[in-house]
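Please open the model in a viewer and follow the selections below in order. Each stop names something to select and then says what is there.

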Amino acid sequence: MLFEVENLTIKFGGLTAVDDVTMNVDEGEIVGLIGPNGAGKTTVFNLVTGVYTPTSGQIRFRGQNLVGLKPNQIAKLGVVRTFQNIRLFKTLTVYENVRTAGHLRVPYRLPDAFLHTPRFDVCEQETHEDALRLLDMVGLLSRKDEIASSLPYGLQRRLEIARALATRPKLLLLDEPAAGMNPQECVDLIEFIRDVKRDFDTTILIIEHHMDVIMNICERMYVLNFGKLLAHGTPAEIQVNPKVIEAYLGEAQTDAED
Amino acid sequence: MQQFLQQLWNGLAIGSVYALVAVGYTLVFGVLKFINFAHGSVLTVGAYIALYSVLRNWLPFPLAFGLSMSLSGVFSYLTEMYAYRPLREKGAPKLNLLITSIGVSLLVENSIVVFVSPDFHPFPRVLPSAPITMAGMRIPPVDLLLVAVGLVLMCSLSYFVNRTLAGLTIKAVALDRDAAALMGINTSKTISLTFFLAGIMASAAGVLIGMRFSVNPYLGGFFGLKSFAAAVVGGIGSVPGAYLGGYLIGMLETFGAAYISSNYKDAIAFVLLVFVLLYKPSGLLGKGTQEKV
Amino acid sequence: MLKIDKLNVYYGGIHALDDVSVEVNTGEIVTIIGANGAGKSTLLRTISGLVRATSGKVSFESRDIKRMSPHQVVESGIVHAPEGRRVFSELTVDQNLRLGAYLRKDREQMDEDLARVFQLFPRLEERRWQIAGTLSGGEQQMLCIGRALMSRPKLLLLDEPSMGLAPVLVQEIYREIEEIRKHTTILLVEQNAYQALKTADRGYVLETGRIVMEAPCRELLRNPEVKKAYLGK
Amino acid sequence: MMTKTNGFVRRIIVFALEVAAVWVIGSLLREVLPAYPVGIMTIFCINAVLALSWNLISGFTGQFSLGHAGFMVVGAYTSALLMMKAKWPFLPSFITAGLLSALVGFLVGFPSLRLVGDYLSVVTLGFQYIITAILNNTTKLTGGGLGLPGVPYVTSLPVAAVTLTITLWILSNLVNSKQGRCFVAVKEDEIAAQSVGIDTTYYKVVAFMISSFFAGLGGAMIGHYMMYLHPDVFNYAKTIESVSMVILGGLGSLTGSLLGAMCITLLPEVFRNLATFLGGMGMLGPANFLRRGWMVFYATGFLVLMLTRPQGLLGRRELTWPGFKKWIGRVVVRKEARP
């Protein structure tokens with residue numbers, strides 16, 4: 001198993017934001033994480049990427065324990081995320097955003113940087129070309145010199161994913177990539193995520209609200225509600241699960257189930 | 001024992017100064033989330049207003065004190081109005097606010113040096129200079145005034161902030177500016193009010209410290225900085241924290257000078273600051289804040 | 001009562017609201033439904049003056065309120081209970097409510113309003129002296145609504161009152177909303193489309209900053225497209 | 001690979017030639033020009049090193065440090081004392097001064113760089129006060145509050161100019177590297193930087209140490225220029241001097257720091273000469289005012305700059321030859337286009 005979460009729990013004061021969640025993702029899968037607003041989905045991402053430390057529970061990636069590691073160490077291991085409220089290096093150009101994120105794959109050290117040694121030249125040339133190739137693949141090459149924050153919303157999302165890809169993640173965590181997109185943009189995004197998975201040979205865990213996006217690309221999905229795991233299954237199973245319909249789609253006619 | 005009590009009293013007096021200034025840093029940081037490096041200048045301005053009012057026989061001392069406090073409050077309010085507000089409205093990064101406040105403090109300090117006088121002025125004698133002997137302690141009257149004024153002002157401020165509706169708006173703006181605006185609170189007015197109050201507190205400290213030592217253009221820079229350390233030690237954003245930090249640094253300084261070495265007196269505040277921040281980055285009474293991801 | 005005409009808002013390079021026109025009549029509950037990021041909250045934030053519009057008209061009781069700052073909007077009779085509750089977490093319930101009545105100068109009326117809010121949400125009275133940050137999510141939501149009501153608004157803007165609440169609590173909140181509507185006009189933004197459409201009189205569907213549909217809620221509930229996109233059928 | 005090595009060798013040779021040329025020109029100027037302009041040029045070079053080093057930590061990495069003078073003072077006393085007491089030659093003393101400043105930078109930076117934004121400025125400022133207190137009280141070694149006279153004179157114009165050239169070369173190499181990009185990423189958004197695997201604490205500490213290293217060199221040059229040291233030379237105002245230079249030129253622009261250093265170095269001189277001129281004309285009142293008036297002018301200018309052009313003269317852009325040529329080209333074309 002590539003990635004496993006076991007009995008993950010975090011409490012903020014009196015509130016249990018994530019409550020005993022267990023889930024896993026296998027190599028090469030696209031797995032969805034859905035649930036109503038405030039269900040704790042982003043908190044799960046924050047726990048996995050080391051922004052928060054869980055109150056209890058385990059997170060393992062390729063068998064290695066991620067709990068207690070710093071966000072940058074987790075990213076270095078290959079678990080890289082995007083953010084719900086896009087966090088780009090705003091005043092840098094598109095190219096600089098991607099180039100900066102390529103640093104993990106640059107092996108030279110400080111003295112090389114001071115003196116611009118031959119090793120420096122070789123590495124820089126490589127990462128420069130790699131950044132351009134990456135921008136080409138995600139369709140941002142023609143806008144590489146634009147300031148990141150001046151891009152239209154949809155492209156900012158795309159750039160954020162490209163920046164994450166520059167680290168060559170093994171597991172990519174996407175936090176609501178389709179938020180604020182219209183139906184056509186959503187269709188493009190589905191296409192884009194499929195391309196990413198194929199071209200970069202990465203596994204994807206995705207939080208999304210747009211049902212058509214998530215039902216379309218996920219092989220499996222987990223449903224969270226009030227921090228608890230409510231259901232788990234294929235999109236077809238989830239769509240007909242009465243508990244999910246009740247909680248997620250807001251059809252609270254009876255409380256008989258509780 | 002006698003010496004101990006004497007030092008305790010001295011610490012209380014100097015601590016009052018730090019506490020009065022520190023609370024201004026804390027209030028302003030609360031509503032605007034930036035360090036107002038010009039806050040110390042308000043203290044200097046206050047000291048000079050009182051000095052000249054008395055020196056030139058314009059006003060009797062109590063009135064001069066009151067005038068200094070209100071004018072400094074207005075001065076503090078004006079710095080916000082003309083230096084920080086335009087930047088805020090443009091949505092400038094917080095670093096720009098910080099740098100601008102350094103500019104304001106430079107302007108005040110240099111203007112006093114150039115237009116008023118670069119010299120150190122002793123404050124005219126308005127209180128009897130003979131120390132009062134009390135329980136074996138020798139207390140200069142100015143210290144008595146310092147502690148008394150400090151207590152009165154601090155209690156009034158706490159009452160105002162916690163118990164009155166106008167005061168509560170300061171807390172509300174500090175906690176969540178947008179939500180406060182949605183309650184019908186004029187947040188700009190609240191921010192102005194905060195600067196005004198901070199100015200009053202600082203100038204009271206400025207006048208009294210000027211009386212205790214001397215009035216000079218660098219007064220604010222020197223006491224302002226240590227008071228800032230006090231605010232951070234206590235937990236910036238917390239009013240009781242500012243008081244605690246102020247008295248703590250005042251005490252440590254006097255006891256450090258008396259029992260260890262007076263040479264390092266001015267470094268003590270910062271040593272304490274570094275230790276507190278290492279142990280508890282949000283300060284003794286501060287609440288940790290984490291950026292929302 | 002409230003009339004929004006061809007409103008355009010840009011938000012960090014994003015065209016967040018695109019020619020949005022919405023109308024609310026006295027006594028109505030109007031709801032705006034739509035996915036996350038469609039611009040629902042931005043619309044409310046623009047009405048209440050937190051966000052500046054680029055073009056378009058916003059008028060309330062035939063007064064132009066587009067250029068007003070938030071506190072002036074409150075003065076004119078609109079109050080906004082924001083998304084995510086946003087109570088003053090370090091103040092007591094009582095202090096929160098008093099701040100809600102900040103613009104009310106008359107002490108007696110304020111006590112009256114306080115009584116009315118406590119009648120509506122008895123749990124708030126039990127917790128009157130408690131620090132708001134220690135309340136449960138549902139209680140904070142009640143406080144948020146109660147606080148907004150303290151200014152005796154003519155129009156209440158409610159942003160996602162059901163967010164993060166258990167179904168039982170959602171029902172309770174919506175029962176109170178039915179109560180509130182007896183005195184107050186309401187513009188309700190919800191992601192919980194089913195609940196909102198059941199409660200409101202008319203609804204608008206917002207999609208990436210544009211109004212794509214407007215109809216009485218009964219019709220929206222039956223509309224196959226709405227069902228597919230928002231009701232999961 | 002071969003061509004890469006050649007490129008490196010060529011660049012090193014070009015750089016060595018540049019350094020040599022700067023040395024020769026500096027020495028020539030010192031011989032040809034009167035002492036006054038040579039002095040101003042020397043001070044400019046020292047100020048530029050100080051500004052560049054502050055720019056690295058605050059302009060590029062976004063960590064607003066107000067303890068710059070504290071690192072200068074460490075370098076100044078280290079180099080002076082090594083030469084005076086240990087009888088070391090200049091170069092090793094000078095380099096050791098930088099290294100010791102960097103070490104102090106590490107000791108201060110490691111704990112305090114975990115703090116967010118504004119706090120850092122206060123801790124570093126506090127550090128500067130602590131170090132001043134220590135120096136004032138180690139009378140036996142440093143002369144304490146009496147000052148340290150008899151520091152050997154070394155900082156001639158060529159020495160200062162060569163130091164500036166090397167500083168500029170190393171820093172511009174650094175900011176145009178993986179590490180430099182990571183510095184800027186830390187400034188832009190720490191959480192985003194961490195999310196792509198950038199160890200923000202590491203890069204902050206590294207930037208802080210390098211900045212302290214060059215601040216130490218700058219401080220050492222001051223000592224070897226004035227031939228006298230006193231803890232109060234390196235006060236808060238000294239830090240603010242470097243801060244103003246960088247802000248004037250543009251946070252995050254190396255050539256901007258040079259520009260800023262030039263303006264701030266010249267400002268008091270302009271006023272002083274104006275005052276002397278007016279004094280010569282018999283206008284003693286205005287002359288006396290101008291002698292001190294630059295301070296108000298300086299502070300007012302600082303404020304006006306922050307309120308009207310907070311990004312400084314250049315912002316994050318650099319002055320480059322191709323850019324300069326393009327600009328000249330544009331100006332010329334514009335003129336020709338006129339009827």
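Among contacts in chain D between residues at least 6 apart in sequence, what percentage join residues at least 24 apart? The share is 79%. This is a predicted model, and the tour starts with the chain just named.

**Stop 1: chain D**

Select chain D and colour by secondary structure: 14 helices and two strands appear. The radius of gyration of chain D is 21 Å, close to the 20 Å that the globule rule gives for 339 residues, so chain D is as compact as a globular protein of that length. Aligned to its principal axes, the C-alpha trace measures about 60 × 55 × 45 Å. Of the 339 residues in chain D, 58% are buried. Switch to a surface: chain D exposes about 14400 Å², and 73% of that comes from carbon and sulfur atoms. Then select the charged side chains of chain D, of which 25 are positive and 12 negative. The centres of these two sets are 5 Å apart.

**Stop 2: from chain D to chain A**

Next, show the chains together. Five pairs of chains touch, and the pair with the most contacts is A and D. Chain C, by contrast, does not touch chain D, and the nearest C-alpha atoms of these two chains are 16 Å apart.

For a residue at the contact between chains A and D, select Asn173(D), which lies in helix 7 (residues 157-175) of chain D. Is Asn173(D) buried or exposed? Its relative accessibility is 7%, and buried means under 20%, so Asn173(D) counts as buried. Leaving out residues up to four places away in sequence, Asn173(D) touches Ala113(A), Phe114(A), Leu115(A) and His116(A).

**Stop 3: Thr53(A)**

Stay with chain A and select Thr53(A), in the loop between helix 1 (41-48) and strand 4 (56-61) of that chain. Thr53(A) has a relative accessibility of 55% and counts as exposed. Apart from neighbours within four places in sequence, Thr53(A) is in contact with Ile10(A) and Leu47(A). Draw a C-alpha to C-alpha distance from Thr53(A) to Thr9(A): the two are 9.5 Å apart in space and 44 residues apart in sequence.

**Stop 4: strands of chain C**

Select strand 1 (residues 2-11) and strand 4 (residues 55-60) of chain C, which run antiparallel and are joined by five bridges. One place to look is Asn8(C), whose bridge partner in strand 4 is Ser55(C).

Now add strand 5 (residues 63-64) of chain C, which pairs with strand 4 in the antiparallel sense over two bridges. Here Phe60(C) stands opposite Arg63(C). Strands 4 and 5 of chain C form a hairpin with two residues between them. Which residue in the turn has a positive phi? Glu61(C) does, at about 50°.

**Stop 5: chain B**

Finish with chain B, which has eleven helices and two strands. Traced from the N terminus, its elements run α-α-α-α-β-β-α-α-α-α-α-α-α. The radius of gyration of chain B is 19 Å, close to the 19 Å given by the globule rule for 293 residues, so chain B is as compact as a globular protein of that length. Its C-alpha atoms fill a box of roughly 55 × 45 × 35 Å along the principal axes. Buried residues account for 60% of the 293 in chain B. On its surface, chain B exposes about 11200 Å², with carbon and sulfur atoms supplying 66%. Its charged side chains are 18 positive and 10 negative, with the centres of the two sets 6 Å apart.

Notes:
Residues numbered from 1 in each chain as written. Chains lettered and ligands numbered in written order. Predicted model: local features only at pLDDT ≥ 70, side-chain atom pairs only at ≥ 80, totals over all residues. Heavy atoms only, no water. Helix = DSSP H or I, 4+ residues; strand = E, 2+ residues; numbered from the N terminus. Rg over C-alpha atoms; globule rule 2.2 N^0.38 Å. Buried < 20%, exposed > 50% of the residue type's maximum accessible area, 1.4 Å probe, protein only. Contact = heavy atoms within 4.5 Å. Areas by Shrake-Rupley, 256 points an atom, 1.4 Å probe, with all protein chains shown as cover. Lys, Arg positive; Asp, Glu negative; His and termini not counted. Charge placed at Lys NZ, Arg CZ, Asp CG, Glu CD. Pairing = 2+ DSSP bridges.
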